[in-house]
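Welcome to a short guided tour. Open your viewer, keep the selection tool at hand, and follow along stop by stop.

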Amino acid sequence: MKKIFLAIVSSTFAMASMADSYTIDPAHTYPNFTINHLGFSTMHGRFNGTTGSLTIDQVKGTGSVDIVVDMASVDTGFKKRDDHLRSPDFFNVKEFPSMTFKSKTVDFKNAGATVVGELTIKGVTKPVKLEVSSINCGVHPFNKKDVCGFNATTSIKRSDFDIKYGLPAIGDEMSIQIEVEAIKN
């Protein structure tokens, strides 16, 4: 009886500290944004360079997210606009080459989560809440590695991050979507 109790206790402690670590797969991670363009249309853009990590502890229902986005990799499909977005008028990528998000709390719910953290753009850090609509972990069917993926959304005011060029004609509210795939370490 004592051996069974010790086995249960030791397996409970082992399960209690089973956070899995993942490295973001830059080929399958897609931070993108939309913004109102002069009241005529919605402009779409993306960032082609992303690194980072995440942890998930399914037993405790906790985790963390740490993402770094290469701001020079901005891509709207139009070189002249992309060059302007890289300039001091917008992202000022020479002085501020990265956008970062670091989670403070992760609250799992149903198949998704709410992730609260700090977003830094252009040297300005503000609290942001990411709503994660789905989290899916499993074995990748092609490379046979353990992978977790999620889709997160948030909305920010770009003026809060000292990006004020073209206001109010170019929208202040920017919708951000981040589709992430990460490979287990």
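Start by selecting Asp82, which sits in helix α2 (residues 79–86); helices here are DSSP runs of H or I with at least four residues, strands are E runs of at least two, and both are numbered from the N terminus. Before going further, note that this is a predicted model, where local features need pLDDT of at least 70 and side-chain atom pairs count only at pLDDT 80 or more, while totals for chains, interfaces and linings use all residues. Residues are numbered from 1 along each chain as its sequence is written, and side-chain values use heavy atoms, leaving out hydrogens and water.

**Around Asp82**

Which side chain of opposite charge is nearest to Asp82? Add Arg86 to your selection: this side chain is 4.6 Å away, and Asp82 is buried yet has no salt bridge. Buried means under 20% relative accessible area, exposed over 50%, and partly exposed in between (1.4 Å probe, protein chains only). A salt bridge needs a side-chain nitrogen of Lys or Arg within 4 Å of a carboxyl oxygen of Asp or Glu. Now show Thr76, whose side chain makes a polar contact of 2.5 Å with the side chain of Asp82; a polar contact is a pair of N or O atoms within 3.5 Å, where within protein one must be able to donate a hydrogen and the other to accept it, and residues adjacent in sequence count only if both atoms are side-chain atoms. Leaving aside residues up to four places away in sequence, Asp82 touches Val74, Asp75, Thr76 and Gly77, with contact meaning heavy atoms within 4.5 Å.

**The disulfide**

Next, select Cys137 and Cys148, joined by a disulfide with S to S at 1.8 Å (the cut-off is a pair of cysteine sulfur atoms within 2.5 Å). Cys137 lies in strand β9 (residues 124–139) and Cys148 in strand β10 (residues 146–157), eleven residues apart. The link is right-handed, with 110° about the S-S bond. Colour by accessibility: Cys137 is partly exposed at 30%, whereas Cys148 is buried at 2%.

**The core**

Now show Phe47, Met71, Phe91, Leu119, Ile121 and Ile156, the residues with the most contacts inside the largest nonpolar core, which has 39 residues. Such a core is a set of buried Ala, Val, Leu, Ile, Met, Phe, Trp, Tyr and Cys residues joined through side-chain atoms within 4.5 Å. Strand β11 (residues 170–184) supplies the largest share, six residues.

**Zooming out**

Finally, show the whole chain, with its two helices and eleven strands. The C-alpha atoms fill a box of roughly 75 × 35 × 30 Å along the principal axes.

Technical notes
Lys, Arg positive; Asp, Glu negative; His and termini not counted.
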